[in-house]
Amino acid sequence: MLGSVLFYVVIAVLIFGVLIATHELGHFATAKLLGVQVNEFAVGMGPALWKKEKGETLYSIRALPIGGYCAMEGEDEESDNPRAFGRASGWKKIVILCAGAFMNFLTGFVLILILFSQATGFVLPTIDGFLEGYGVEDSGLQPGDVVYSLDGHRIYNYNNLTFFLGRAGDTLDFVVLRDGEKVRLDGVEMPLQARTDEEGKTTYLRWISVGREIIPATLGSKLLYSWYNSLDFVRTVWISLGDLVSGVVGLRDLSGEVCIVTTISQVGTQSDTV
């Protein structure tokens, strides 16, 4: 058991290291492209296992696989070098600083695309039908409609639809795809309704039934849904930060590296293969 936990701790450390290294690679590539001098680009931290100087830059691989760094001239102190980071124009600084986050986004997209390479189909966020007794005649929604947006939120996948339905109020604004065209339906009354089963358990439902229509996983759809899921992950982070600020969730609901390692361990142990 201890050996299994240590294995996933090592995996988590390597994952963090790769993410940090790719982040720094974004800074490095844009700094070079925009003419800012880079003194050293390192993969890993600690003592150098290998290093080579090429031009003005020292490239190194270091002993601890916990990240890396891009040391630019004039980044942390004043420099008279005209190619120092501190002397670069404002837009160049912004591009260099934002390039790290962009590389993390691109890394996520590539990883999702690798995961989706084995997919056989993708689930569309479709309306399958309606629950009886809710007066849906005037809603304008039809079975087979693919939900494009809900209350202004772009619906990228099936899980998006169920998520935003759970957060919405009693009146919803839909944009659906019907026969290849967008149809806008504003002010659809869809309050949560309580239903109690035979065991006495009460659940709150809307009168909409979400379908699971599947489209084939072609190369184009794999690329498209990899992009959609990448955007969705970024939006999820933004929504989570909003919930934290607004008080929907508290600081005790946050988790850090320990929880990430625990999640990696749980997923790993539940998988059929390594």
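This section describes the pockets, strand pairing, turns and cysteines of a predicted model.

The largest pocket of the predicted model has a volume of about 1,100 Å³. Its lining comprises 22 residues, and those closest to the pocket centre are Ile-15, Leu-19, Gly-108, Leu-111 and Phe-233. Four elements contribute two or more residues each to this lining: helix 1 (2-33), helix 2 (90-116), helix 4 (219-246) and helix 5 (257-270). The greatest contribution is that of helix 2, which gives nine residues. Classified by residue type, the lining of the largest pocket consists of 15 nonpolar, six polar and one charged residues.

The second largest pocket has a volume of about 280 Å³. It is lined by 13 residues, of which Phe-116, Asn-157, Tyr-158, Asn-159 and Asn-229 are the closest to its centre. At least two lining residues come from each of strand 3 (121-123), helix 3 (158-167) and helix 4. Helix 4 is thus found among the contributors to the lining of the largest pocket and also among those of the second largest pocket. The lining of the second largest pocket is made up of seven nonpolar, four polar and two charged residues.

Strand pairing was examined next, beginning with strand 5. Strand 5 (residues 146-150) runs antiparallel to strand 7 (residues 171-178), and four bridges join the two. Within this pairing, Ser-149 has Val-175 of strand 7 as its bridge partner, and Leu-150 is partnered by Phe-174. Strand 5 also pairs with strand 6, again in the antiparallel sense, over two bridges. Here Leu-150 stands opposite His-153 of strand 6. Leu-150 therefore has a partner in strand 7, namely Phe-174, as well as one in strand 6, namely His-153; strand 5 itself is largely enclosed by the rest of the structure, because four of its five residues are buried.

Strand 7 is in turn joined to strand 8 (residues 181-189) by seven bridges, and these two strands are likewise antiparallel. In this pairing the bridge partner of Val-175 is Arg-184 of strand 8. Val-175 is thus bridged to Ser-149 and to Arg-184. In a regular strand, the side chains alternate between the two faces of the sheet.

Two hairpins occur in this region. In one of them, strand 5 and strand 6 are separated by two residues, and Asp-151 lies in the turn. Asp-151 belongs to the loop between strand 5 and strand 6 (153-154), and its phi is near 55°, a positive value in a residue other than glycine. With a relative accessibility of 31%, Asp-151 counts as partly exposed, since this value falls between the limits of 20% and 50%. The other hairpin is formed by strand 7 and strand 8, with two residues between them and Asp-179 in the turn. The phi of Asp-179 is near 55° and is likewise positive in a residue other than glycine. Asp-179 is located in the loop between strand 7 and strand 8. Its relative accessibility is 78%, and it counts as exposed because this is over 50%. Most residues other than glycine have a negative phi.

A further loop position, Gln-37, lies between helix 1 and strand 1 (38-54). Gln-37 counts as buried, as its relative accessibility is 14%. Its side chain makes a polar contact, at 2.9 Å, with the side chain of Asn-39.

The cysteines were considered last. The structure holds zero disulfides. Cys-70 takes part in no disulfide, and the nearest cysteine sulfur to its own, that of Cys-98, is 15 Å away. A disulfide is a covalent bond between the sulfur atoms of two cysteines. For Cys-98, the closest cysteine sulfur is that of Cys-70, and the separation of 15 Å is too far for a bond, because a disulfide requires sulfur atoms within 2.5 Å. With regard to accessibility, Cys-70 counts as buried at a relative value of 5%, whereas Cys-98, at 46%, counts as partly exposed.

Conventions
Residues are numbered from 1 along each chain as its sequence is written. This is a predicted model: local features need pLDDT of at least 70, side-chain atom pairs count only at pLDDT 80 or more; totals for chains, interfaces and linings use all residues. Side-chain values use heavy atoms; hydrogens and water are left out. On a 1 Å grid over the protein atoms alone, a cavity is a set of points where a 1.4 Å probe fits but cannot get out, and a pocket is an open set with protein on both sides within 12 Å along at least five of seven lines; lining residues have an atom within 4 Å of a point. Grid points are joined across faces, edges and corners, and a volume is the space filled by probe spheres set on the points. Ala, Val, Leu, Ile, Met, Phe, Trp, Tyr, Cys and Pro count as nonpolar, Asp, Glu, Lys and Arg as charged, and the others, Gly among them, as polar. Two strands pair if DSSP finds at least two bridges between them. Buried means under 20% relative accessible area, exposed over 50%, partly exposed in between (1.4 Å probe, protein chains only). A polar contact is a pair of N or O atoms within 3.5 Å; within protein, one must be able to donate a hydrogen and the other to accept it, and residues adjacent in sequence count only if both atoms are side-chain atoms.
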